[in-house]
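I opened this notebook to record what I looked up about charged side-chain pairs and strand pairing. The entries follow the order in which I consulted the structure.

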Amino acid sequence: MRLILLGAPGAGKGTQAEMLNKLFDIPTISTGNIFREHIANCTELGTKAKSYMDAGKLVPDELVIELVKDRLKKDDCKKGMILDGFPRTINQAKALDTMLVELDMAINYAVNVEVADEIIIERMSGRTVCTGCGTPYHALYKVEKVANICDNCNEKLMQREDDKAETVKKRLAVYHDQTKPLINFYAEQGKLVNIDGVGEVEKVSRRVKEALGVN
Ligand code: AMP
């Protein structure tokens, strides 16, 4: 199975990717996670990517495309993969089509997780993460026992720079301008599946599985 997850930042693509990764036993390629690893390891790519990410902008296509190309060539992608957060521009989608032809691969479905902007803003601006162990929290959905302190390791919680309300609004504007056109791009290829992304995680997962014809 080869899948693309589409949807606004904060729509829940990462959560559904985790479910699909276990279900099909195929790797998830999350360009956002790859960039965050580079930032944590202080690589040159990480330094370049960080300035765009913190500003709520997209990292330039040429940096992303090469990275995905290298990743898709790895052996674990032979049996399938889930692309989470890539492609994000028409240019990236066209580059992906070329890569797939070269690698003799094809996408089965582009799963579009739909969530209204107001809900995204509520979800993302409430998110915090532990500076010690990385456990995620949420002001509405997963509240820590002691304010701003991790339940697991007692380290402080912080808000990711790109989850701050102003940055979230910028990221949504970028999504509408540059990423949303991909919905038509994959509809024209007959690969688009629309999923209502609002509601409990399990319910959204069930909708995804039903749409893909699996249990
Ligand atoms: P994510 O975790 O997928 O929301 O990605 C976090 C940030 O990484 C985005 O806001 C972008 O700055 C950058 N990023 C991730 N994937 C891409 C991509 N395919 N193209 C450009 N920038 C990306």
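I looked up Lys 69 first and found it partly exposed, with a relative accessible area of 24%. The model is predicted, and I read every value below with that in mind. Because the band for partly exposed residues begins where buried ends, at 20%, Lys 69 with its 24% is not counted as buried. I then checked its partner: Lys 69 forms a salt bridge with Glu 66, and the closest N and O atoms are 4.0 Å apart. Glu 66 is also listed as partly exposed, at 43% relative accessibility. Both residues belong to helix α4 (residues 61-72), where a spacing of three residues separates them by about one helical turn.

I turned next to helix α3 (residues 44-54), which holds Lys 48 and Glu 44 four residues apart, again about one helical turn. Their side chains meet in a salt bridge, with 3.8 Å from N to O. Is Glu 44 buried or exposed? I noted a relative accessibility of 61%, so Glu 44 counts as exposed. Lys 48, at 41%, counts as partly exposed.

I then examined a pair that does not lie within one helix: Asp 196 is in strand β8 (residues 192-196), whereas Arg 207 is in helix α9 (residues 201-212). The two form a salt bridge whose closest N and O atoms are 3.9 Å apart. The pair therefore ties together parts that are eleven residues apart in sequence. For Asp 196 I recorded a relative accessible area of 40%, which places it among the partly exposed residues. Arg 207 counts as partly exposed too, at 27% relative accessibility.

Which residues are joined into one network by salt bridges that share partners? I listed Arg 127, Arg 160, Asp 162, Asp 163 and Arg 171. For the model as a whole I noted a count of 13 salt bridges.

My last entries concern strand pairing. I found an open sheet of three strands, in the order β6-β5-β7, with antiparallel pairing. Its edge strands are β6 (136-138) and β7 (157-158), each of which pairs on one side only. Strand β5 (residues 127-130) pairs with β7 in the antiparallel sense over two bridges. What stands opposite Val 129 in β7? I identified Met 158 in that position. As a general point, I noted that strands of a sheet pair through backbone hydrogen bonds, either parallel or antiparallel.

Methods
Residues numbered from 1 in each chain as written. Predicted model: local features only at pLDDT ≥ 70, side-chain atom pairs only at ≥ 80, totals over all residues. Heavy atoms only, no water. Buried < 20%, exposed > 50% of the residue type's maximum accessible area, 1.4 Å probe, protein only. Pairing = 2+ DSSP bridges.
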